[in-house]
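This briefing is meant to be read beside the sequence and the coordinates. Its topics are the ligand site, the enclosed space inside the protein, and some points of backbone geometry.

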Amino acid sequence: MKTTKTTVIGGGLSGLYAACYLAKKGVQVTLIEKNETLGGRARAFSEKGFSFDMGPSWYWMPELVDELFNDLGEKRENYFRLKQLEPSYRVFWKNGEFTDIPSNMSALENLFNELEENGSVKLRKFLKDAQVKYEIATKDFMQNPGLSWFELINWRALKNALKLDVFKSVESDVAKRFKSEKARAILNFPVLFLGEMPSRIPSLYTLMNYVDLELGTWYPEGGMHALVKALETIARKEGVEIITGKSAESFEMNESNISGIKVENAILKTEQVLASGDYHFIEQNLVPEKFRRYSPSYWNKRKLAPSCLIFYVGVSKKIPGLQHHNLFFDEDLTAHGKQIYENPSWPDKPLFYVSATSVTDSTTAPEGCENLFF
Ligand SMILES: Cc1cc2nc3c(=O)[nH]c(=O)nc-3n(C[C@H](O)[C@H](O)[C@H](O)COP(=O)(O)OP(=O)(O)OC[C@H]3O[C@@H](n4cnc5c(N)ncnc54)[C@H](O)[C@@H]3O)c2cc1C
């Protein structure tokens, strides 16, 4: 017997997972998604034999995703298989030169020895420290519910954090340890995913280098959307009612209790809401004014991570020289970053990324064609 009617707003990865988790705990769940298809930023679309993942393309930390499946009493491998990419990715430099980043540690050490003197020794020390940070983040903090600042007081973690000087920037940490421009660029790259420049991200986040270089880059067969499809299958199996193509417009609340959600002139009765859309949007548009925690002026002062411009291109021939993931670092990162972050504008000489899934997955493009995501 299901208890408590809960409505999940948003059918992206977090909303879908939350719906599965609640349904599994015996909660009666309805999920409402404004788009016609599920996945949110991880949506997919197909056209003329090409199938594109619209957002995420890097599958890192596979063991954490597997743990999420385990928590649902499921096995990820019953839904999709993962393959490790080799090389993990290719970095293009000026003048058409490139470096492949191997998934194998001894090949990676050889590469760092080629990049600079004692490169492998420095790399090993750097990754050992990065591993400690990764363990602090995943074991000491990530599993906490995030309900109180006291969760952040963990003496063991704090001692390690101070020892590793995690508050200096990623850029200065890397620059202190490595001299070669290429080694520095390779090690500064992963934190770009966090929407800031390495010079403004604390070196705690070199944990991403451990994730990148030690744990590897993986690909779910069929594309990143395989994860969305798996969660949708589990949600339906657990009895989640899924409504797509409809927007939640506002919450009906009396005092602090929620009684319903307005959806296209109708009220969807509910006892609880779990909103997985962007915090700023949900709070300022759906929550009645008197229950909002923050004011418009608070939000106006926040700096949001930048957007990106994406092209999905199907090409009627194979493009030689590409790997599955390709980073074009053939222009100056600092100049690129200044134009984006300090004086927000389009960079004159942008660095960019190309994912060519058809290099390793023949199902994402017709035969003899290439599937490109810029
Ligand atoms: C271009 C791009 C590349 C990325 N690359 C990677 C990557 O390589 N690897 C990686 O791990 N992560 C990557 N990410 C991040 C990852 O995609 C996101 O963190 C993740 O998909 C967010 O999921 P979410 O469910 O929290 O949010 P969302 O995907 O934003 O889901 C929120 C959902 O709520 C819905 N919604 C909002 N308001 C309403 C409403 N009022 N009524 C009904 N529905 C509503 C939205 O339509 C959306 O479907 C990338 C993101 C982007 C944009």
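Which element gives the most to the shell around the ligand? That element is α1, which contributes three residues to the shell. The model is a predicted one, and the values below are computed from it.

**Ligand site**

- α1 spans residues 13-24, and both α1 and β2 (27-33) supply at least two residues each to the shell around the ligand.
- The shell holds 23 residues, and those that come nearest to the ligand are Ser-14, Glu-33, Arg-41, Trp-58 and Ala-248.
- By class, the shell around the ligand is made up of eleven polar, eight nonpolar and four charged residues.
- Two of the nearest residues also meet the ligand through the backbone: a backbone N or O atom of Trp-58 lies 2.8 Å from an oxygen atom of the ligand, while a polar backbone atom of Ala-248 is 2.9 Å from a nitrogen atom of the ligand.
- Lys-34 likewise places a backbone N or O atom 3.1 Å from a nitrogen atom of the ligand.
- On its own the ligand has 1000 Å² of accessible area, of which the protein covers 72%.

**Enclosed space**

- Rolling a probe the size of a water molecule over the atoms reveals where empty space is left.
- When the whole structure is searched, one cavity of 30 Å³ or more is found, and the volume of the largest cavity is about 60 Å³.
- The lining of the largest cavity consists of Ser-51, Phe-52, Asp-53, Ser-57, Ser-355, Thr-357, Asn-371 and Phe-373.
- β4 (50-53) and β17 (370-373) are the elements that give two or more residues to this lining, with β4 giving the most, at three residues.
- Sorted by class, the lining of the largest cavity comprises five polar, two nonpolar and one charged residues.
- Where does the largest cavity lie with respect to domain 1 and domain 2? It lies between them, because domain 1 (3-57 + 224-301) and domain 2 (82-101 + 306-374) both give residues to its lining.

**Backbone geometry**

- Most peptide bonds are trans, and most residues other than glycine have a negative phi.
- The peptide bond from Glu-86 to Pro-87 is cis, its omega being near 0°, and Pro-87 sits in the loop between β5 (82-84) and β6 (89-92).
- Asn-118, although it is not a glycine, has a positive phi of about 60°, and its place is in the loop between α3 (105-115) and α4 (119-141).

Definitions and conventions
Residues numbered from 1 in each chain as written. Predicted model: local features only at pLDDT ≥ 70, side-chain atom pairs only at ≥ 80, totals over all residues. Heavy atoms only, no water. 1 Å grid on protein atoms, 1.4 Å probe; cavity = no way out; pocket = protein on both sides within 12 Å on 5 of 7 lines; lining within 4 Å. Points joined across faces, edges and corners; volume = space filled by probe spheres on them. Helix = DSSP H or I, 4+ residues; strand = E, 2+ residues; numbered from the N terminus. Nonpolar A, V, L, I, M, F, W, Y, C, P; charged D, E, K, R; others polar. Domains from an automatic or database assignment. Near = heavy atom within 4 Å. Polar contact = N/O pair within 3.5 Å; in protein donor to acceptor, adjacent residues only side chain to side chain. Areas by Shrake-Rupley, 256 points an atom, 1.4 Å probe, with all protein chains shown as cover.
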